[in-house]
Amino acid sequence: PEDLTGVGMRMHYTLGLRNRKKYKNFLKPVFDPREILVTSTDFNRTIQSVYAQLQGLYAQIPEQDITEEEERRMNEMNGYSEKIQQLIDAETAKLNFFSLPNKMQIFPIHIYNKIDHKILLSTEYSISGCKGVIKIRDENKKLLLSTIKTLKEKEEANINNYFNGKNKTVNTTNVTHLAKLCDEFKCDVVDGRFDKNIISETFEESCTQFQNDLLFTLEFGDKENKILKMSQTPVFQDMLYYMSNVISKDIEKKRDLEQGEYRPKFVMVSGHDVTLMGVIEYMKHFLNKTEKIPIVPFATSVFFEVYRKEEKEKLSSSDYIVKYYINDDLIAEVNFDEMNTTMRKDFWSEDEIANFCEFDDWKEKKTTDTLLILVIIFSIIGLLIVVALIIVIVFLRKKLKVINYDNVKVSEMS
């Protein structure tokens, strides 16, 4: 499904309520864009998910934010026809000096840029345009043959019964198609939109097993963790940037004089189950853990919290720790310096990504940018040469006197 379902909205709303309870003394009760930054992948459902969660996180009713004088002046400036103005007056009377109906709040949500989006793990079998990833996946596809065969033999009747009833085309030999069918089925299970009489209870378990095998074979299946490290570069690069910013300000004691806090101090990122599994799998790699983690359920959260170990006069970045949670479970505590130094060695540069993936548009952009820089440099050099020549000519004209004797020119240096 492309959009968030009603059940999904409720799940994220209640997750927001849970986070409000956890961070009630950390965040203001009413949304303040100066203390929180929200980013999402560019998909309807991920944007809707974080918006629903924000409604729960900031469920407290805001104070009235429009005065009587402001409302009067606003109405004077509208310039609507009398009929429309009467309709507006009737509706605004219900607002009772609140900006929006139902005392709701709105939130700015930022989107990952196009460059980052090309390498993020967003949906099953994502990063499909990267040739380096395609090569690794093609090598690993044979590992999935037994999984596909098992799913087909065991569940083909269930698949056909279920999806033919929904007028869906079924292709049990296509990996991507099977992944999407299983994902849709799991959504229907959560939403209660399937008939248990036409499908066996084993199908959900079979789908989960297939998705796990798909995820860990195709998304994270290379021994050098190339896909994992590349796809997590934008996620962890941003996270370490914000952590470093807060820590450096704390060390320098450059607190906001008005609020006594750092900004942004709360950063939210909304993605897909595969996005989240990438984060969890990368943390497993960072922590040198080997156990296989099953694919996460809907509305799962991962938290990274920065703490100062102790209060002292002179601080350094080694005095901070990062606590890593999956939902309410504390998974690990790590030293910030160690985390920062180790992870940055795994980050991929734009050049490395462009070469590995053979992204032509990146190469063309870099070539265009290089040519533009060269043109600018040569233009500046040319301009400097012209200016220098003008200065020399002016200088020589001042130093050189020309004297005429009977139409004979004699030059004399002064």
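**Two sheets and the helices around them**

Phe304 stands opposite Tyr324 of strand 5. This pair offers a friendly way into the predicted model described here, and the sheet around it makes a good starting point. Strand 4 (302-308) and strand 5 (residues 320-326) run antiparallel and are joined by seven bridges. They belong to an open sheet of three strands, ordered 4-5-6 and paired in antiparallel fashion. Strand 4 and strand 6 (329-335) are the edge strands, each of them pairing on one side only. From one strand to the next, the twist averages 20 degrees. Strands of a sheet pair through backbone hydrogen bonds, and the pairing may be parallel or antiparallel.

Helix 10 lies across strand 4 and strand 5 of this sheet, at about 20 degrees to strand 4. The helix comprises 26 residues (residues 226-251), which at 1.5 Å a residue should span 38 Å; the C-alpha atoms at its ends are 35 Å apart, so expectation and model agree. Helix 10 does carry a kink of about 50 degrees at Thr233, shortly before the proline Pro234.

Both flanks of helix 10 hold a backbone feature worth a look in the viewer. Most residues other than glycine have a negative phi. Asn225, in the loop between helix 9 (202-219) and helix 10, is not a glycine and yet has a positive phi of about 55 degrees. After helix 10 comes Lys253, with a positive phi near 55 degrees. Elsewhere, Glu358 takes a positive phi of about 55 degrees just after helix 13. Helix 13 itself (residues 350-357) has Ile353, Ala354, Phe356 and Cys357 as its buried residues. An α-helix has 3.6 residues a turn, so residues three or four places apart point the same way.

The loop between helix 11 (273-286) and strand 4 leads back to the antiparallel sheet, and two of its residues invite a closer look. One of them is Asn288, a residue other than glycine whose phi is positive, near 60 degrees. With a relative accessibility of 69%, above the 50% cut-off, Asn288 counts as exposed. The other is Ser301, found in the same loop between helix 11 and strand 4. Ser301 has a relative accessible area of 8%, and because this is under 20% the residue is buried. Leaving aside residues up to four places away in sequence, Ser301 touches Leu15, Leu276, Tyr325, Ile326 and Asn327. Of these partners, Tyr325 and Ile326 fall within the residue range of strand 5.

A second open sheet of three strands has the order 2-1-3, with parallel pairing. Strand 2 (110-111) and strand 3 (266-270) stand at its edges with a single partner strand each, so one side of each lacks a neighbour in the sheet. Strand 1 (residues 36-40) and strand 3 run parallel and are joined by five bridges; among the residues involved, Ile36 has Phe266 as its bridge partner in strand 3. The two faces of strand 3 can be told apart: Phe266, Met268 and Ser270 make up the covered face, whereas Val267 and Val269 make up the uncovered one. Helix 2 (residues 44-57) lies across strand 1, strand 2 and strand 3, and runs at about 140 degrees to strand 3.

Leu27 links several of these elements. Its place is in the loop between helix 1 (6-22) and strand 1, and its relative accessible area of 4% is under 20%, so Leu27 is buried. Beyond residues up to four places away in sequence, Leu27 touches Arg20, Glu35, Leu57, Tyr58, Lys265 and Phe266. Phe266 is the strand 3 residue that bridges to Ile36, and it is part of the covered face of that strand. Leu27 and Leu57 are 30 residues apart in sequence, with 9.4 Å between their C-alpha atoms in space.

For the chain as a whole, there are 14 helices and eight strands. Buried residues account for 38% of its 414 residues. Among contacts between residues at least 6 apart in sequence, 70% join residues at least 24 apart. The chain exposes about 25000 Å², of which carbon and sulfur atoms supply 55%.

Definitions and conventions. Residues numbered from 1 in each chain as written. Predicted model: local features only at pLDDT ≥ 70, side-chain atom pairs only at ≥ 80, totals over all residues. Heavy atoms only, no water. Pairing = 2+ DSSP bridges. Helix = DSSP H or I, 4+ residues; strand = E, 2+ residues; numbered from the N terminus. Contact = heavy atoms within 4.5 Å. Axes fitted to C-alpha atoms, helices over the stretch in contact; angles between N-to-C directions. Buried < 20%, exposed > 50% of the residue type's maximum accessible area, 1.4 Å probe, protein only. Expected span 1.5 Å × (residues − 1). Bend = angle between axes of the 7 residues up to and from the residue. Areas by Shrake-Rupley, 256 points an atom, 1.4 Å probe, with all protein chains shown as cover.
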